[in-house]
Structure formats: C-alpha cells, structure tokens
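Visitor: I would like a close look at a single part of this model. Please take me through the helices and the residues around them, and keep it brisk.

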Amino acid sequence: MTDPSRILGIDPGLRVTGYGLIEKTGNRLRYIASGCIKSRETDSLPQRLATLFAGIGEIVAAHGPTQAAIEKVFVNVNPQSTLLLGQARGAAIAALVHAGLPVAEYTALQVKQAVVGHGKAAKEQVQAMVVRLLDLPGTPSADAADALACAICHAHGGQGLGALATAGFRVRGGRLV
C-alpha cells in the first residue's frame with residue numbers, strides 16, 4: 001500500500017481565499033478539511049496579504065500537508081483586479097514555500113478538466129463533482145470547492161480523471177487537441 005500524501009489546494013483571492021485538504025492513498029482520495037481565509041474589506045493591501053500568509057501558515061501547522069497545489073491567475077478585463085489577485089497568489093505561494101511545501105500550479109481550465117471532465121464547467125458543476133468524488137455530506141462554499149478541486153487535480157497528476165498522457169497535446173476549448 002502506498003504511503004498517504006496530504007495535498008493542500010488553494011484558490012487564491014484577496015478578500016476570500018479558499019483552501020481544501022485531501023489525503024491520497026493509492027487511488028483513494030479522502031477529505032480532511034476545507035474552508036476560507038477571509039480578510040476585512042477595511043484592511044489595507046499589506047494587512048490583507050499578511051492575513052492570507054498567516055492563515056495558510058496556520059492551516060499547514062494544523063494539518064501537516066506534504067504537497068500544495070494552487071490555481072494560476074487568469075487575466076481578466078480589469079488589469080487592476082488581475083494585479084491584486086496576483087499579489088494574493090504571491091502571498092499564498094510564499095506562505096506555502098516558507099512552510100517547505102512543493103507547490104504545483106494549475107489553470108482553472110486544467111482543474112475543471114480534471115474534476116468535471118471539461119474546462120468550461122460552471123462553479124456549481126465543480127461543487128457537485130467535489131461532493132461526489134470526496135463523498136461529502138454537504139456542499140462546500142464555492143471558494144472551498146475550487147480549492148478542493150485544485151487538490152484533486154493535483155492528486156490525479158493534473159491530467160484529468162483518466163490520467164491521460166498529455167505529451168504532444170494542447171488544451172483548446174477545454175479539450176485536449
């Protein structure tokens with residue numbers, strides 16, 4: 001039997017950062033914990049980043065993950081929002097690296113492909129599949145579900161449910177081509 005590995009998934013955000021922790025033993029996934037790290041809207045940017053950094057440090061100390069996976073930033077219409085999200089992501093990565101964890105990065109498309117089967121899945125579809133894959137008694141918040149999905153993506157090698165070999169392929173429209 002394979003030694004279990006604990007994977008901490010992070011869905012970064014400046015106001016709300018989702019986290020999800022799963023344990024992988026062989027091909028089996030088991031839910032450990034999930035939730036959100038929240039900062040106050042009245043906090044300054046440095047205070048928000050410090051809250052995020054400290055929150056991730058507390059989660060790592062409490063649960064002892066051995067690996068981490070984080071969602072990559074997508075470029076949206078508002079460059080200021082993209083920049084702020086990138087700073088939150090940087091604080092999260094710094095906290096994970098500071099804790100000595102190896103960090104894998106996945107695009108939202110890769111995460112959705114791995115968990116739902118197609119890269120254009122709605123948040124509700126991701127939540128439903130996370131509940132199913134981890135046999136959860138309830139539905140986690142959207143941010144926590146996205147973080148759990150990121151951990152599941154990493155557990156599956158970041159290559160989808162069937163662990164398809166992706167060498168020589170590209171992702172277009174949520175599908176390997």
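Guide: Helices here are DSSP runs of H or I with at least four residues, strands are runs of E with at least two, and both are numbered from the N terminus. Keep in mind that this is a predicted model.

Start with the whole chain. It holds five helices and seven strands. Read from the N terminus, the order is β-β-β-α-β-α-β-α-α-α-β-β. The chain has 177 residues, and 43% of them count as buried. Its exposed surface is about 9,200 Å², with 54% supplied by carbon and sulfur atoms. Now take the contacts with a separation of 6 or more: 55% of them join residues 24 or more positions apart.

Now go to the helices. Helix α3 covers residues 108-115, and helix α5 covers residues 142-155. The two pack with their axes 9 Å apart, at an angle of about 75 degrees. Angles from 65 to 115 degrees count as roughly perpendicular, so α3 and α5 fall in that class. On the α3 side, the contact is made by Gln110, Val111, Ala114 and Val115. On the α5 side, Ala149, Cys150, Ile152 and Cys153 make it. Sorted by type, the contact residues are seven nonpolar, one polar and no charged.

Two cysteines sit in that α5 set, Cys150 and Cys153. Are they bonded to each other, or apart? The sulfur of Cys153 has its closest cysteine sulfur in Cys150, at 6.2 Å. A disulfide needs the two sulfur atoms within 2.5 Å, so this pair is too far for a bond. The disulfide count is zero. Cys153 is buried, because its relative accessible area of 0% is under the 20% cut-off. Cys36 reads otherwise: at 28% relative accessible area, Cys36 is partly exposed.

Stay on α5 for one more residue. Asp146 lies in this helix. Asp146 is buried too, with a relative accessible area of 9%. What does Asp146 touch, leaving out residues up to four places away in sequence? Its partners are Asp11, Lys123 and Val126.

Next, the loops. Helix α4 spans residues 123-134. Ala122 belongs to the loop between α3 and α4. Its relative accessible area is 33%, and values between 20% and 50% count as partly exposed, so Ala122 gets that label. Lys112 is ten residues from Ala122 along the chain, yet their C-alpha atoms are separated by 8.7 Å.

Past α4 comes Asp135, in the loop between α4 and α5. Asp135 is exposed, at 69% relative accessibility. Look at its backbone as well. Phi is near 50 degrees, a positive value, and the residue is not glycine.

Finish with a strand residue, for contrast. Ile32 lies in strand β3, residues 28-38. Arg6 is 26 residues from Ile32 along the chain, with 8.6 Å between the two C-alpha atoms. Arg6 is also one of the residues that Ile32 touches. The others are Leu21, Ile22, Glu23 and His63, again leaving out residues up to four places away in sequence.

Note on methods:
Residues numbered from 1 in each chain as written. Predicted model: local features only at pLDDT ≥ 70, side-chain atom pairs only at ≥ 80, totals over all residues. Heavy atoms only, no water. Buried < 20%, exposed > 50% of the residue type's maximum accessible area, 1.4 Å probe, protein only. Axes fitted to C-alpha atoms, helices over the stretch in contact; angles between N-to-C directions. Parallel < 35°, antiparallel > 145°, perpendicular 65-115°, else oblique. Contact = heavy atoms within 4.5 Å. Nonpolar A, V, L, I, M, F, W, Y, C, P; charged D, E, K, R; others polar. Areas by Shrake-Rupley, 256 points an atom, 1.4 Å probe, with all protein chains shown as cover.
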